[in-house]
Structures are given as structure tokens and as C-alpha cells.
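The following exercises concern a single protein chain. Please work through each task before reading its solution.

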Amino acid sequence: MNIYDIAKLAGVSIATVSRVVNDSPKVSEKAKEKVRKVMEENNYTPNVFARGLGLGSMKTLGIICPDVADSYMAKAVSYLEKNLQGYGYDCILYCSGYDAEDKQQAVERILKKQIDALILVGSDYADDSPEYHQCIRQVSEQLPVCLINGYVEDDKIYCVLADDFQAVYDVTDELIFAGREKILFLSDSFSYSAKRKLDGYQAAFRDHGMAVNEKWILYAENSIYATRDMLLRQRNLQFDGVIAVNDSLAAGAVKYAHARGLKMPEEVNVIGYNDSELSISCEPELTSVDNRVEVLCKTAIDSVMGLLNGREVRQKQMVKCHLVKRNTTNF
């Protein structure tokens with residue numbers, strides 16, 4: 001039993017519950033009596049979160065991402081902070097790295113800062129050890145937890161994510177319709193987002209009645225030159241299309257095409273992901289999927305603020321991606 005359950009049973013907001021916990025004069029005696037009765041019937045013991053809301057002592061959200069040096073993560077944190085300022089809130093940022101144990105420790109550390117809610121940035125937080133998942137579930141019993149661009153089946157962990165499956169399905173479908181049949185899929189991880197992208201790629205082939213050649217699914221470091229060199233080592237692999245899970249890998253494919261003397265888009269089409277600055281730094285400029293990180297972050301903040309004010313929020317919210325066509329494709 002937590003503050004959300006008490007608020008729901010009493011028919012009030014979580015802010016009202018917290019004010020009752022702190023005996024605030026802003027709540028009528030009738031409302032106090034109603035809430036206290038529900039608390040007593042359910043043996044509810046107020047926690048720090050409930051008390052802190054009533055005292056107005058926090059007004060701070062915790063944000064955890066694997067690595068703020070990553071351009072996608074940095075952009076997301078920037079958007080989150082901007083949206084929080086609009087609500088009069090501050091944030092505390094922790095970078096956890098990618099190891100499951102380190103992520104758990106980051107969560108435990110940031111909770112000591114008396115935050116109102118926790119936001120996890122990146123789909124890596126959707127794929128981890130049972131111990132880590134248990135840690136997040138325990139946190140969600142105390143305060144709102146929102147995951148950006150990943151999904152966890154838990155009604156108290158709120159997820160805002162891009163529709164990566166549909167985005168990659170659509171671009172693969174377009175390439176096949178344009179006559180491209182040897183399409184590489186380049187990835188650098190096994191995160192929730194990367195898996196959904198791969199699922200979309202494979203589903204498009206199946207729906208066209210075509211087999212997916214496992215040799216076309218390649219993994220590389222998230223580095224332009226490492227990707228180029230990896231492709232150069234694939235001497236017997238011929239392809240006429242590339243779909244990458246991010247723009248860095250796609251830029252590596254562009255470098256590879258230049259090294260091989262392949263014309264883009266005539267001989268090979270290349271599609272990146274995230275529509276980052278890299279997409280316009282390439283020559284030719286890179287076609288890329290915009291996963292609308294600004295919309296993801298605004299939706300996440302609006303959802304958390306709704307939860308803090310006792311409003312109902314959908315547990316899973318999907319944001320449609322957009323394809324930004326430039327000069328590496330001709331479909």
C-alpha cells in the first residue's frame with residue numbers, strides 16, 4: 001500500500017494525502033477525516049515521499065542516464081531540465097554507466113537526495129538483472145518512476161517511448177519497394193530500443209515474403225571509423241541498403257561507401273537514426289529517423305507532474321517517429 005493507493009481509495013490527489021500526513025491547514029477537516037480513515041483501514045504508514053510533498057521541501061526530480069557524453073543522452077537531459085524549469089522544479093543528474101550493478105547503485109545514491117520522482121533516460125534501463133528490476137519496483141512504491149524510450153511491464157513504472165518498431169518497419173518496407181533487397185541492419189547494442197528496431201526490420205522482410213539473411217545483421221562499436229573498418233573487413237558481403245540504429249553507425253556506412261567508391265544513393269541507400277547533427281555533417285547528408293526526443297521528454301515531465309498532482313496517467317505512451325529524407329536515399 002502506497003500514497004497512490006491511498007489517494008485513489010480516498011478519491012483525492014496524492015498532494016492532498018501528503019498534506020493530511022503533515023496536518024496542513026489547507027485541507028478541510030472533512031477531507032482529513034476521510035483520508036485518515038482510509039489510511040487507518042489499510043494500515044498505511046507515511047513515508048518520506050508523502051511527508052516531503054506536504055512540507056514542500058523538495059521540488060526536485062532525479063534524472064539518471066548511462067552517459068551524458070552521449071549526444072542523445074545530453075540532448076534528452078537538456079530537454080528534461082528545460083521542461084522542469086517550466087514547472088518550477090530543479091533536477092539532480094547521475095550518470096550510472098551501463099553495468100547493472102552500477103545502475104542500481106546510482107538509483108540508491110540519488111534516492112538519498114530526497115527527490116520527488118525519478119526519470120531514467122534510455123532503453124538500457126529496460127533490460128537488466130532481476131535485482132535491478134526489483135530495486136526499481138521498490139522505488140516505484142515510494143515515488144513516481146518514469147522510463148524514457150524503454151518499456152517495463154509494471155503498472156507503477158511509467159514508460160514514454162518512441163515507436164521504434166514501426167519506424168524501422170516502414171523504412172525497410174520503403175527500401176524493399178524501391179528494389180533494395182540486400183539491406184544491412186547495423187546495431188551497437190542489445191537494448192530494448194535496438195531489439196525493437198531489429199524486430200521491425202525482420203517483420204518487413206517477412207511481410208514481403210523474403211528471408212532475412214543473418215549475415216546482413218551486423219554489430220559494431222558506436223564509432224564512425226570502427227563501423228567503417230568493420231564493413232571494410234566484410235569483403236564478400238554485398239548490399240544495396242543500410243539501416244542503422246543510430247547516426248554514428250550510419251555515418252560509418254557512408255565512410256565505407258566512399259572508401260569503396262559506391263555512389264549514394266544510386267548504388268546504396270543509407271538510413272540513420274536519431275536525426276542528430278551527424279546527419280547533416282555527412283557528405284552526402286544522411287537520411288535519418290527522428291525519434292522526437294523533445295516530445296518524449298516533454299511527455300515524460302508532463303506525466304510525472306500529473307502523477308504528483310494526483311492525475312491518472314497512462315502507463316505506456318508511444319510517440320510516433322518521423323523520417324527526415326536527405327541525400328543518402330532515393331525512394
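Helices and strands are here DSSP runs, of at least four residues (H or I) for a helix and at least two (E) for a strand, numbered from the N terminus. The model is predicted.

**Exercise 1.** Locate Arg-292 and Asn-43, and classify the exposure of each.

Solution.
Step 1. Arg-292 is placed in the loop that joins β10 and α13. Its phi is near 55°, a positive value in a residue other than glycine.
Step 2. A residue counts as buried under 20% relative accessible area and as exposed over 50%, with partly exposed in between. Arg-292 has a relative accessible area of 24%, so it is partly exposed.
Step 3. Asn-43 also has a positive phi, of about 50°, although it is not a glycine. It belongs to the loop between α3 (29-41) and α4 (48-55).
Step 4. The relative accessible area of Asn-43 is 68%, and therefore this residue is exposed.

**Exercise 2.** Determine whether Thr-227 is buried or exposed, and describe its surroundings.

Solution.
Step 1. Thr-227 is part of helix α10 (residues 224-233).
Step 2. Because its relative accessible area is 0%, Thr-227 is buried.
Step 3. Leaving aside residues up to four places away in sequence, Thr-227 touches Leu-186, Ala-220, Glu-221, Leu-249, Gly-252 and Ala-253.
Step 4. A polar atom of the Thr-227 side chain lies 3.4 Å from the backbone oxygen of Glu-221.
Step 5. Lys-255 is 28 residues from Thr-227 in sequence, and their C-alpha atoms are 8.7 Å apart.

**Exercise 3.** Describe the nonpolar cores: which residues touch the most other members of the largest one?

Solution.
Step 1. The largest nonpolar core has 81 residues, and those touching the most other members are Leu-61, Ile-119, Val-121, Leu-186, Tyr-201 and Val-270.
Step 2. The element that gives the most to this core is helix α13 (residues 293-308), with 8 residues.
Step 3. A second core, separate and of 23 residues, includes Leu-120, Ile-136, Leu-143 and Leu-147.
Step 4. Among the residues that Val-121 touches, beyond four places in sequence, are Ile-63, Met-73, Leu-80 and Ile-148.

**Exercise 4.** Which loops hold Pro-265 and Pro-284, and what is the geometry of the peptide bond that leads to each?

Solution.
Step 1. Pro-265 sits in the loop between α11 (247-260) and β9 (269-273). The bond from Met-264 to Pro-265 is cis, with omega near 10°.
Step 2. Pro-284 sits in the loop between α12 (278-281) and β10 (287-290). The bond from Glu-283 to Pro-284 is cis, with omega near 0°.

How values were computed:
Residues are numbered from 1 along each chain as its sequence is written. This is a predicted model: local features need pLDDT of at least 70, side-chain atom pairs count only at pLDDT 80 or more; totals for chains, interfaces and linings use all residues. Side-chain values use heavy atoms; hydrogens and water are left out. A nonpolar core is a set of buried Ala, Val, Leu, Ile, Met, Phe, Trp, Tyr and Cys residues joined through side-chain atoms within 4.5 Å. Buried means under 20% relative accessible area, exposed over 50%, partly exposed in between (1.4 Å probe, protein chains only). Contact means heavy atoms within 4.5 Å. A polar contact is a pair of N or O atoms within 3.5 Å; within protein, one must be able to donate a hydrogen and the other to accept it, and residues adjacent in sequence count only if both atoms are side-chain atoms.
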